[in-house]
Amino acid sequence: MEVRVQNVRKEFDRFPALHDVSLDIASGELIALLGPSGSGKTTLLRLIAGLERPTAGKIFFGAEDASEKSVQERNIGFVFQHYALFRHMTILENVSFGLEVRPRATRPAKAEIRRRARELLDLVQLSGLEKRYPSQLSGGQRQRVALARALAIEPRVLLLDEPFGALDAQVRRELRKWLREIHDRTGHTTVFVTHDQEEALELADRLCVMSQGKIEQVGTPDSVYDHPQSPFVFGFIGESSTLPVTVERGDLWLGDRPLGVSGAEGNGPAQLYFRPHDIELVEADAALSGVVASSRRVGGTRRVELELGGSAHRVEIDLPFDHPAGERSQISFRPKRWKLFPAG
Amino acid sequence: MEASLQHRRVTSPTNEPASVRWALILVGLVYMALFIVLPVIAVFSEAFAQGWGTFFQSLQSPDAQSAIRLTLLVAAIAVPLNVVFGVCASWAIAKFEFKGKAFLITLIDLPFSVSPVISGLVYVLLFGSGSVLGPWLKSYGIEILFAVPGIVLATIFVTFPFVARELIPLMQDQGSGDEEAALSLGASGWQTFWKVTLPNIKWGLLYGVLLCNARAMGEFGAVAVVSGKIRGETTTMPLQVEMFYNEYQGTAAFALASLLALLALVTLVLKTALEWRFGDELAATGRGH
């Protein structure tokens, strides 16, 4: 089921949480709403679910206008950050709930409901735990039950709100892979909210990066990472270093020193962004040259913090951890790939 | 330095010496025995002072019987009404944001902070012969004051915070995640309430009902003001106890009183059992009373 969000605005007590947001979600894709807290990503997800009503704008499920439909009528599967499992029901009863509450006309027979619930528990690899209660499961297991419960109603869209947010790093990584597998097998259109860029980059077909109630950029993980369209996206996705520079006839200058980087458009002050690992060390004069302020080894790389132009600016660069330059007190480098945004 | 540390006995900083602990426990026990256990024993021993036969006989007197019936009737009306109201109010307060919420919470607590006599007098003012409502209702043959409706109203007023106060913190703590999950799975509002909300609050609710019932049956002050104390008609058990006592029918008074005391003990046992068994689920609520 494709989902179209059209010019949606949402205010809470006159405080705008979303400004005029539009987003097309293709059928069967796995899309991540990514942003810091307060960016409106969860609000957007809850609007798609029907747990909130938009102040303005429309939401379409396929060709059908779902804006006025209640959450029950939309037939969505929603997975909550804190699982929201029914604590007084067994795992099997939790998964069966969505089918049990259907009106008699569309409710499957008892045996059929049980069979489907068991099948789903099998899918989420929890067979054998049918009779347990949520409190007897680990966090990761609970979230898998929550997913099975959401899938039981054969939802048109699967919506996950920070599904791994309450789990520890190891379990997160496992569940991430596992969710991808489930998605590939069941093919549900899936929207998930996260503030964890690594999770989004690894899991999603497309990213929708949000900030302050607006969509900053939508695209595949690679395109968002390689071609960020705004300073916010550059800073939020992946590591970044930034410097205030001046453009003069295509060349970049930091104060009165040329950077040895050319090919820029425009003239005047601008903000230079580059990735700490996208640099090359050079011995030329026309380069960024800085004094090592600190140097830390992080796994296989060495992250060096440099002070440039006296101590006016600080940038970070990454070197292989055994690179001889890591021993020096002064390092000259040039960004290999970079991007300029208007100053300010 | 190290040697002296090893010699000293390692005790937790919050642990008092045994002598202090025992002294404190003793003070507590003596105090309890004097002010709580002794009176309860006195009630029962007075009630049975002239043997089982007199005890049952005095309970079977028409006045005692009618008082018991009236008390049960009042509780049977007041408690369910306050359960319905309490659940509605807690639901509204815990799950929605609206203007005047803090005011409503304060208002719910009002009966706890007002003297029961005042609570009774409010109804005298509202429905008395000098009021607007009283004579108007009377013209339709409806008696409120010095009749059963007045007693029920006063009892509802006095016992009205118990259920709501128990449920509000519980429901606030639970949030609306479970309800949202149920709705997203296609459940109607009604199904969500019966299958998800109610099971989540059932022990807290039972706890509130228990306290509400104990108070409804035991209320004296507010009921005394509105009842008019018409023998065999508008006297509840606590009122009848007082009447028997004033008429020097000690055994009858204490026999009836012993029933109330028994109710209190049963309530206490059930309450403790609930706290023991479902302490975790009740823990969220502030044990204020």
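## A walk from the A–B interface into chain A

Start by showing both chains: 19 residues of chain A are in contact with 18 residues of chain B. Keep in mind that you are looking at a predicted model.

**Stop 1: the interface as a whole.** Colour the two chains separately and look at where they meet. Together, chain A and chain B bury about 1,600 Å², and 60% of that lies on carbon and sulfur atoms. Now select Q72(A), R87(A) and V101(A): within chain A these lose the most area to chain B, together 33% of what that side buries.

**Stop 2: charged and polar links.** How many salt bridges does the rule find across the interface of chain A and chain B? There are 2. For one to inspect, show the side chains of R46(A) and E180(B), which form a salt bridge whose closest N and O atoms are 2.4 Å apart. Polar contacts are here too, with 6 residue pairs across the interface, both residues being at pLDDT 80 or more.

Next, switch to cartoon view for chain A. Four elements give two or more residues to the side that touches chain B: α2 (71–74), β6 (76–79), α3 (91–100) and α5 (139–152). If you colour that side of chain A by residue class, you will find 13 nonpolar, 3 polar and 3 charged residues.

**Stop 3: an open sheet in chain A.** Leave the interface and select β2, β1, β4 and β5 of chain A. In that order they make an open sheet of 4 strands, with antiparallel pairing. Which strands stand at the edges? They are β2 (15–25) and β5 (64–65); each has a single partner strand, so one side of each is left without a neighbour in the sheet. As background, strands of a sheet pair through backbone hydrogen bonds, either parallel or antiparallel.

Zoom in on β4 (residues 56–61) of chain A, which pairs with β5(A) in the antiparallel sense over 2 bridges. Label F61(A) and you will see E64(A), in β5(A), standing opposite.

**Stop 4: T194(A).** Finish by selecting T194(A), which belongs to strand β8 (residues 189–194) of chain A. Is T194(A) buried or exposed? With a relative accessible area of 1%, T194(A) is buried, since the cut-off for buried is under 20%. To see what surrounds T194(A), show its contacts beyond four places away in sequence: L33(A), L34(A), G35(A), K41(A), E162(A), E199(A) and A200(A). Pick out E162(A) from that group and draw a distance between the C-alpha atoms: T194(A) and E162(A) are 32 residues apart along the chain, yet their C-alpha atoms are separated by 4.9 Å.

Technical notes: Residues numbered from 1 in each chain as written. Chains lettered and ligands numbered in written order. Predicted model: local features only at pLDDT ≥ 70, side-chain atom pairs only at ≥ 80, totals over all residues. Heavy atoms only, no water. Contact = heavy atoms within 4.5 Å. Buried area = accessible area lost by both parts, 1.4 Å probe. Salt bridge = Lys/Arg side-chain N within 4 Å of Asp/Glu carboxyl O. Polar contact = N/O pair within 3.5 Å; in protein donor to acceptor, adjacent residues only side chain to side chain. Nonpolar A, V, L, I, M, F, W, Y, C, P; charged D, E, K, R; others polar. Pairing = 2+ DSSP bridges. Buried < 20%, exposed > 50% of the residue type's maximum accessible area, 1.4 Å probe, protein only.
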